[in-house]
Amino acid sequence: DYPSARLPFSPAIFSVVVGLIAFAIWVSPQAFFHAAPRVEGGFDPTRLLGDHPGSGGGNAWYWGTVALRFIRLVAVVPVLEEIFWRAFLLRWLVREDFISLPFGACRPLSFGAVTAGFVLEHSWRDWPAALITGLLFNLVAIRTRNLPACVTAHAVTNALLGGYVMYTHQWGFW
């Protein structure tokens with residue numbers, strides 16, 4: 001009923017590649033198609049802690065805040081979201097006794113509902129990227145049957161996006 005999905009390469013490689021693709025999708029409007037930079041909104045550490053990270057005593061506060069933001073972005077959010085969306089809801093919408101199903105088991109309704117929920121938890125500006133990313137992360141769950149692979153894909157995407165935000169100062173992605 002729920003056949004094992006085998007990959008011709010390791011789940012780790014697959015999840016990293018999916019994370020790279022998802023990152024490219026998130027930044028492609030600005031990076032490749034010259035959409036307006038997303039400098040408004042989001043978490044802007046310069047607005048919170050001053051103009052420049054090297055300005056006097058604010059330097060430690062600036063980098064400490066950024067470090068905590070990255071911990072949240074790369075460690076906390078991927079773990080919590082993947083446990084909820086793919087380890088729990090993807091299977092629970094198939095069967096209430098979701099623990100009896102293998103990780104990655106789903107039906108079209110659960111696949112669509114989890115993707116839609118993932119989209120709706122993001123800003124409306126991010127819905128197209130969140131839609132494709134939600135589909136990709138569901139695919140990681142189905143193909144690898146491995147929660148750490150899902151967390152890795154999500155963490156790679158978020159880490160690269162965080163680096164992109166810090167490099168470009170497009171705080172609106174946060």
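## Aromatic contacts

F84, W85, F88, W92 and F98 come together as one aromatic cluster. The structure described here is a predicted model. Across the chain, the count of aromatic pairs comes to 11. One of these pairs is formed by F43 and W174, whose ring centres are 5.7 Å apart and whose planes make an angle of 40 degrees, a tilted arrangement. Because F43 belongs to the loop between α1 (11-31) and α2 (45-49) while W174 belongs to the segment after α6 (147-168), the pair ties together parts that are 131 residues apart in sequence. F43 and W174 are both buried.

Arginine side chains also lie over aromatic faces in two places described here. R38 is placed over the face of F173, at 4.4 Å from the ring centre. R86 is placed over the face of F118, at 5.2 Å from the ring centre.

## Overall architecture

The chain contains 6 helices and 0 strands. Read from the N terminus, the order of elements is therefore simply α-α-α-α-α-α. Of its 174 residues, 44% count as buried.

## Salt bridges

How many salt bridges does the structure hold? There are 2. In one of them, R38 is paired with D126, and the closest N and O atoms are 2.5 Å apart. R38 lies in the loop between α1 and α2, and D126 lies in the loop between α4 (108-120) and α5, so this salt bridge ties together parts that are 88 residues apart in sequence. Are the two partners buried or exposed? R38 has a relative accessibility of 6% and therefore counts as buried, and D126, at 7% relative accessibility, also counts as buried. The same R38 is the residue that lies over the face of F173.

The side chains of R86 and E82 also form a salt bridge, with an N to O distance of 2.4 Å. R86 and E82 are 4 residues apart in helix α3, which means that about one helical turn separates them. An α-helix has 3.6 residues a turn, so residues three or four places apart point the same way. Both R86 and E82 are buried. In addition to this salt bridge with E82, R86 has its place over the ring of F118.

## Helix α5

Helix α5 comprises 18 residues, 127-144. From its first C-alpha to its last it reaches 25 Å, close to the 26 Å expected at 1.5 Å a residue. The buried residues of α5 include A129, A130, T133, G134 and L136. Also buried in this helix are F137, N138, V140, A141 and T144. After α5 comes R145, with a positive phi near 55 degrees.

## Nonpolar surface patch

Which residues make the nonpolar surface patch of about 530 Å²? The patch is made by L68, I71, V76, V79, L80 and I83. L68 is located in helix α3, which covers residues 58-92. With a relative accessible area of 59%, L68 is exposed, because the cut-off for exposed residues is over 50%. Helix α3 thus carries L68 of the patch as well as the salt-bridge partners R86 and E82.

Note on methods. Residues numbered from 1 in each chain as written. Predicted model: local features only at pLDDT ≥ 70, side-chain atom pairs only at ≥ 80, totals over all residues. Heavy atoms only, no water. Phe/Tyr/Trp six-rings, centres within 6.5 Å; stacked < 30°, edge-to-face > 60°. Helix = DSSP H or I, 4+ residues; strand = E, 2+ residues; numbered from the N terminus. Buried < 20%, exposed > 50% of the residue type's maximum accessible area, 1.4 Å probe, protein only. Lys NZ or Arg CZ within 6 Å of the ring centre and 35° of its normal. Expected span 1.5 Å × (residues − 1). Patch = residues over 30% accessible without salt bridge, like charges linked within 9 Å, V, L, I, M, F, W, Y side chains within 5 Å. Areas by Shrake-Rupley, 256 points an atom, 1.4 Å probe, with all protein chains shown as cover. Salt bridge = Lys/Arg side-chain N within 4 Å of Asp/Glu carboxyl O.
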